[in-house]
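The following account goes through a single protein chain, from its surface to its interior. Please keep the sequence and the structure in view while reading.

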Amino acid sequence: LKPCQILAARLHPSFDTHNPANISHELDYVQLRKWLKKKGFNDFYLVPANFPDIGRGLMTTKALQPGDLVIKLPEKCLLTTTTVLSSYLGEYIERWKPRLSPLQALCTFLISERHFGSRSSWKPYIDVLPKTYTCPVYLAEEVISLFPCPLVKRIQQQKSEVQELYLTSQCFFSSLQPLFSQPTESVFTYHAFRWAWCSINTRTVYMEHEQSEFLSRQPDVYALAPYLDLLNHSPSAQVTAAFNRITR
């Protein structure tokens, strides 16, 4: 393999795994690991597992010491705005005015790839993303009403922000009609947009990118990292993550 950039996480204190159940044999994870291997990722001593206390995560198959490297991921495995701009969406984004935000571009790509199903080159990753979320934006009004007033205000603020972003994206979605055999209105629904928004905002790792002239000036700091984003840890653990630019 040629030298590549990597994303790395280091775990400091250890924590109780609470007898997790290995789920690496399940088809979705088998396909994900095969897909990542083709992209140069071979660090499979971390395996998908279900933990009683935290749900799905990654379980190590060897003992870790404080400061050990837990996982590293080649740059080509990451899903960023660079991925989106170099895809079939690129020409549409480049000529669109006003410029889309990095978040809008990523949401559009995720929705499109999920819609394409088996035709998507990102299918192995899409298949392991949660189908729904427990983010505030997913909460029903009768549930929201049970929260204290200060929290209700914050929940409603998030819901309004997502709805507004969706509404301001609809004209761009319509411009993508040549890419789809069915009406874009049935592809880029609010429910699909909400799912994509939560996928990015709950699973992304912080990574600064060079600002593209084809996107708005909003900070481009998103990177979806397949497999790494399965990693959970104890709240008491100290974990650091970084992007290695030297190994480019």
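Which residues make a nonpolar surface patch of about 350 Å²? In this predicted model, the patch is made by V143, L146, F147 and L151. F147 sits in the loop between α6 (141–144) and α7 (149–175). With a relative accessible area of 31%, F147 is partly exposed. A patch residue must have over 30% relative accessible area, and F147, at 31%, therefore meets that cut-off.

The patch is one part of a wider surface. The protein exposes about 13400 Å², and carbon and sulfur atoms supply 54% of that area. Of its 248 residues, 46% count as buried. The secondary structure consists of nine helices and eight strands. Among contacts with a separation of 6 or more, 72% are between residues 24 or more positions apart. An example of closeness in space between residues separated in sequence is given by F243 and M207: they are 36 residues apart along the chain, yet their C-alpha atoms are 7.1 Å apart. F243 belongs to strand β8 (residues 239–244) and is buried, with a relative accessible area of 16%.

Two of the helices can be compared with the expected geometry. Helix α1 covers residues 27–38, twelve in number, and reaches 17 Å from its first C-alpha to its last, close to the 16 Å expected at 1.5 Å a residue. Its buried residues are Y29, L32, R33, W35 and L36. Viewed down the axis of α1, these buried residues fall within an arc of 160°, so they line one face of the helix. An α-helix has 3.6 residues a turn, so residues three or four places apart point the same way. What do the buried residues of α1 pack against? Their partners are the strands β3 (46–51), β4 (55–60) and β5 (68–74), together with helix α5 (123–126). On the other side of α1, L27, K37 and K38 are exposed. Just after the helix comes G40, which takes a positive phi of about 100°.

Helix α4 (residues 102–116) has 15 residues, which should span 21 Å at 1.5 Å a residue; its end C-alpha atoms are 21 Å apart, in agreement. Of these 15 residues, 13 are buried, so α4 is largely enclosed by the rest of the structure. G117 follows α4 and has a positive phi, near 55°.

Next come the charged pairs. Side chains of opposite charge can pair when their charged atoms come close. How many salt bridges does the count come to? The count is four, and three of them are described here, beginning with E91 and R95. In that pair the closest N and O atoms are 3.5 Å apart. E91 is partly exposed, with a relative accessible area of 48%, whereas R95 is exposed, at 54%.

The pair of E141 and K159 has its closest N and O atoms 3.3 Å apart. This salt bridge links distant parts of the chain, with E141 in helix α6 and K159 in helix α7, 18 residues apart. E141 counts as partly exposed at 44% relative accessibility, while K159 is buried, with a relative accessible area of 10%.

Another salt bridge joins R203 and D229, whose closest N and O atoms are 3.4 Å apart. This pair also links distant parts of the chain: R203 is in helix α9 (residues 190–203), and D229 is in the loop between β7 (222–223) and β8, 26 residues apart. Are R203 and D229 buried or exposed? Both R203 and D229 are buried.

The loop that holds D229 also contains Y227, which brings the account to backbone geometry. Most residues other than glycine have a negative phi, and most peptide bonds are trans. Y227 has a positive phi, near 75°, in a residue other than glycine. At 1% relative accessibility, Y227 counts as buried. A departure of another kind is found at K97 and P98, which are joined by a cis peptide bond with omega about -5°. P98 lies in the loop between α3 (90–94) and α4.

How values were computed:
Residues are numbered from 1 along each chain as its sequence is written. This is a predicted model: local features need pLDDT of at least 70, side-chain atom pairs count only at pLDDT 80 or more; totals for chains, interfaces and linings use all residues. Side-chain values use heavy atoms; hydrogens and water are left out. Helices (H or I, at least four residues) and strands (E, at least two) are DSSP runs, numbered from the N terminus. The expected span of a helix is 1.5 Å times one less than its number of residues. Buried means under 20% relative accessible area, exposed over 50%, partly exposed in between (1.4 Å probe, protein chains only). The arc is that of the directions from the helix axis to the C-beta atoms. Contact means heavy atoms within 4.5 Å. Patches are made of residues with over 30% relative accessible area and no salt bridge: like charges are joined within 9 Å, nonpolar side chains (Val, Leu, Ile, Met, Phe, Trp, Tyr) within 5 Å. Accessible areas come from the Shrake-Rupley method with a 1.4 Å probe; for residues, only the protein chains shown count as cover. A salt bridge is a side-chain nitrogen of Lys or Arg within 4 Å of a carboxyl oxygen of Asp or Glu.
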